[in-house]
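Trainee: Got a minute? I'd like to go through this one with you.
Mentor: Sure, put it on the screen.

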Amino acid sequence: LLMLILLYGPDSYRRLKKLGEITDAYRKKYTGLSYDRIDVSLDESLDKLKILVSTLSMFDDVRLVVLDNPLLAKDQKRLRGILKANAENKELTIVINSIQKPGATYKFLYEKPSTNQEFPALKGEKINAFIKQISEEYGVKIDTETRNALTDLFGSDTWSIATEISRLSLGAHEIESRPANDYFKLINTVKRGYNTKERVVALEIILSERKDDPARVFNSLAYRLGSKSEANRFANYDVAVKSGKLEYEEVLLDLTLGS
């Protein structure tokens, strides 16, 4: 039983897949598992976390808590305190799910009894190995031409690569083309795209091909938000960027994956 598990890195496809493997393993092993997931960037989330870790039930074999966006928590000192206090709590496992690598103030996450795993963006032969792995999972034969098309089109975007291979396994005959290269159409796709693949591809075109300023893209996405919760979310991201905790590119990816 591991108490603190850190999963971090920009490759959210493999990171979230690993998270799913952990939660599935705990559900199979512990029939009385209590499971909670908390986005600690939200208001009052640390209060909820504190209550959860302080009220373990005699009816729970173990409690599993997943913490999203740890580096966006407003009170980093308080979050570290809660995590440190439960680093050896054998009735509780906390999985920290982060795009960014937590820094030196979180060094206890890189020391025993904690465990950690990094999910960097894949490049070169590692992308080719990933394509081979996913194609085998879906039972699809990927020839050299198709593999090159996938890497040319999606780069290190493992979400889009896996989605395309899934489509090919269902009988699709060609790889879907990218969205039109119009800025406002792309912004609309990032905000309201039907699936993660469409949104990520649109963001990649904006930043990599058009080379639009990330701050401009962020402000475009923040224009005419539909709810107070959305406004609060963007405000929190804005503070994180201006305080140096995050870069605009990281925020845009997080927004795109979580749209």
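Trainee: How many helices and strands are in the protein?
Mentor: Eleven helices and five strands. Keep in mind that this is a predicted model.

Trainee: What is the radius of gyration, and what does the globule rule give?
Mentor: The radius of gyration is 20 Å, and the globule rule gives 18 Å for 259 residues. Those values are close, so the protein is as compact as a globular protein of that length.

Trainee: And what box do the C-alpha atoms fill?
Mentor: Roughly 55 × 45 × 30 Å, along the principal axes.

Trainee: What share of the contacts is between residues 24 or more positions apart?
Mentor: 72%, taking contacts with a separation of 6 or more.

Trainee: Now burial. What percentage of the residues is buried?
Mentor: Buried residues make up 45% of the 259.

Trainee: And the surface, how much of that belongs to carbon and sulfur atoms?
Mentor: 50% of an accessible surface of about 14,000 Å².

Trainee: Switching to charges. How many positive and negative ones are there?
Mentor: 40 positive and 38 negative. Their mean positions are 3 Å apart.

Trainee: Let's pick one residue. Where does Lys77 lie?
Mentor: In helix H3, which covers residues 76-85.

Trainee: Is Lys77 buried or exposed?
Mentor: Exposed. The relative accessible area of Lys77 is 66%, and the cut-off for exposed is over 50%.

Trainee: How far apart are Lys77 and Ala149 in space?
Mentor: 46 Å, C-alpha to C-alpha. In sequence, Lys77 and Ala149 are 72 residues apart.

Note on methods:
Residues numbered from 1 in each chain as written. Predicted model: local features only at pLDDT ≥ 70, side-chain atom pairs only at ≥ 80, totals over all residues. Heavy atoms only, no water. Helix = DSSP H or I, 4+ residues; strand = E, 2+ residues; numbered from the N terminus. Rg over C-alpha atoms; globule rule 2.2 N^0.38 Å. Buried < 20%, exposed > 50% of the residue type's maximum accessible area, 1.4 Å probe, protein only. Contact = heavy atoms within 4.5 Å. Areas by Shrake-Rupley, 256 points an atom, 1.4 Å probe, with all protein chains shown as cover. Lys, Arg positive; Asp, Glu negative; His and termini not counted. Charge placed at Lys NZ, Arg CZ, Asp CG, Glu CD.
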